[in-house]
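Open the model in your viewer and keep the selection box ready. The stops below say what to select and what is there.

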Amino acid sequence: MPDTIVVAPEKKSIDWKRLIFLFLGLGLFALFFAMPAFDPAVDPRNESFPLTREAQLALGLFLLASTWWIFEVAPIGVTAIMIGLMQVLFYIREPEKALGDFLSPPVWFIFGSLVLGMAFTKSGLTKRMAYKMLNLVGERTSMIMLGCFVIIALMTHLMAHTAVAAAIFPLLMAINALYTDKEGPTKFGKALFIGMAYVAGAGSICTYLGAARAVSAVGFFKEITGNDISFFELSQFMMPVGWIMVFLLWGFFMLVFKPEKPRIENLRERVAALAKEQGAMTIKEWLVLITTVVVVGLFMAKSLIPADAAAQSGFLGFIKGMDRPGIILIATMIFFLTGVLDVNDLEAIPWNIVLLFGGAMSIGYCLWQTGAANWIAVHWLNMFTQAPPLLFVLSIAFLVLMMTNFIMNVAAIAICLPVALVVGKYLGVEAYVILFACLVTAGMPFNLLIGAAPNAIAYESKQFTTGEFFTWGWVANVILMVVLTLAILVIWPMMGLSLFTAPAAG
């Protein structure tokens, strides 16, 4: 009888790094749970902002979630679920609120945006767009990347950057597949997808159509100062900053993630053959294209119609009153009802990303509703009430930049802008400069995936880790703050917007 060969079971090594950061996150939460109550924050108007027990636990939960997200202790969607669970277990917020945020309108907007991207891919429209663009920009990888960045930025002038990222993501995946047929990350892939996230933010600040934050911020501004800002006035001052960032980010990524190949050899010939093989546009491609144009048109109309139209009856009032998630979900229903997508596509949706943003909304609302975000903001602002005007504006912008990485950018502006405008008045700082500076940084959360939907969508490429995104984001933050300083001191004054006004009496 032949000898029996016994194969010993493979021993799995312990992932000590994962365990360390898992317990570090839990330890930070336990620390805030055990610490005595913090003193309240008092703003320059002598208004007190206490840090309640719930708010203190919210800060600990945020540190726990951030640690687990940055070091990928668990799948990002699982960490998101933990956020809701911890709020319920420790009575930070009611279950209806903590868990209900996972199905809030912004999460549905992200869901609809992801479905839109899937429709582009399945219909073949993504490949057709990729072939057209690559034929235009040529074989040099630097020009391919620049072409992608420019297209992304231009698209965010007309539609929400979340929808742009979802639509452009499959195109970038197609381009990356032409760059290499090997699995795993490449320098070109890292630059392409991290760049997609960063540039989507930079482009989105240029118009009211790029994101909801500008409309909300200008609403606060009008309520506090009595001054409104038109569509073209906003674009006039934000365009230079946005486009300078687009080109600087391209240079930055070409430097730190220099592509392994300077060019993709015979790309034009390959693209021409693939385009010929694809043939003429199909009915499904036309359907996706027309539906997308209608959705974008509704977004534009909603942003351009005056605010008072929502209270009126008739067509304009109906369009103005439509919710953005509702608009994009119309496209979702059309794609499934017409057979562009089917039940298998529904199962293929990256639910990890949807859960991530559910958790992001939950922790964001938690910090806001418990008062933890206000407490942080007031303490920060109090350090700069006697600062020189330029440093004061930059400090406000930097605070918004940090806060918008972990709460909704609309909320970050709502917390910081009112106090900043009051303090700025007595420092002789122009209110418009404060507003525009906050809008610049609110659009570019470069550190955490939860800061903006394009960040999370880019992560689906598997070309980078959350740690890499977080680390390189600090370099991008420095670039952004330098550009903002240049805008405040040079660009905006050349356009007639000075940093200073006459100081208020008193």
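Helices (H or I, at least four residues) and strands (E, at least two) are DSSP runs, numbered from the N terminus. This is a predicted model, in which local features need pLDDT of at least 70, side-chain atom pairs count only at pLDDT 80 or more, and totals for chains, interfaces and linings use all residues. Residues are numbered from 1 along each chain as its sequence is written, and side-chain values use heavy atoms, with hydrogens and water left out.

**Stop 1: L298**

Select L298, which sits in helix 13 (residues 283-304). Now add R324, which is 26 residues from L298 along the chain; the two C-alpha atoms are 8.9 Å apart. What is L298 in contact with, leaving aside its neighbours within four places in sequence? Contact means heavy atoms within 4.5 Å. The residues to select are I319 and I327.

**Stop 2: F33**

Go to helix 1 (residues 16-34) and select F33. Accessibility is given in three classes: buried means under 20% relative accessible area, exposed means over 50%, and partly exposed is in between (1.4 Å probe, protein chains only). F33 has a relative accessible area of 39%, so it is partly exposed. Its C-alpha atom is 9.6 Å from that of E54, a residue 21 places away along the chain. With neighbours within four places in sequence left aside, F33 is in contact with R53, L57 and F90.

**Stop 3: Y91 and N266**

Select Y91 in the loop between helix 3 (76-89) and helix 4 (95-100). Most residues other than glycine have a negative phi. Y91 is not a glycine, yet its phi is positive, about 55°. Is Y91 buried or exposed? Its relative accessibility is 70%, so Y91 counts as exposed.

Next select N266, found in the loop between helix 11 (231-256) and helix 12 (267-278). N266 is not a glycine either, and has a positive phi of about 55°. The relative accessible area of N266 is 46%, which means that N266 is partly exposed.

**Stop 4: K122**

Select K122 in helix 5 (residues 105-123). K122 counts as partly exposed because its relative accessibility is 40%. Leaving aside neighbours within four places in sequence, K122 is in contact with V340, L341, D342 and D345. Then select N409: K122 and N409 are 287 residues apart in sequence and 32 Å apart in space, C-alpha to C-alpha.

**Stop 5: helices 6 and 7**

The next stops are pairs of helices. Axes are lines fitted to C-alpha atoms, for helices over the stretch in contact, and angles run from 0 to 180 degrees between N-to-C directions. Angles under 35 degrees count as roughly parallel, over 145 as roughly antiparallel, 65 to 115 as roughly perpendicular and the rest as oblique.

Select helix 6 (residues 125-137) together with helix 7; their axes come within 9 Å and cross at roughly 125°. Helix 6 is therefore oblique to helix 7. To see the contact, show M133, L134 and V137 of helix 6 with M143, I144, G147, C148 and I151 of helix 7. For residue classes, Ala, Val, Leu, Ile, Met, Phe, Trp, Tyr, Cys and Pro count as nonpolar, Asp, Glu, Lys and Arg as charged, and the others, Gly among them, as polar. The contact of helix 6 with helix 7 has seven nonpolar residues, one polar and no charged.

**Stop 6: helices 7 and 8**

Keep helix 7 (residues 141-156) and add helix 8 (residues 161-179): the axes come within 10 Å and cross at roughly 165°. The two are therefore roughly antiparallel. From helix 7 the contact includes C148, I151 and I152, and from helix 8 it includes V164, I168 and L172. In this contact of helix 7 with helix 8, 10 residues are nonpolar, three are polar and none is charged.

**Stop 7: helices 19 and 21**

Select helix 19 (residues 389-403) and helix 21 (residues 431-442), whose axes come within 8 Å and cross at roughly 30°. Here F392, V393, I396, A397, V400 and L401 of helix 19 meet V433, I434, A437, C438, T441 and A442 of helix 21. This contact has 11 nonpolar residues, one polar and no charged.

**Stop 8: cysteines**

Stay on C438, which counts as buried because its relative accessibility is 2%. Then select C366, also buried, with a relative accessible area of 0%. How many disulfides are there? A disulfide is a pair of cysteine sulfur atoms within 2.5 Å, and by this rule the count is zero.
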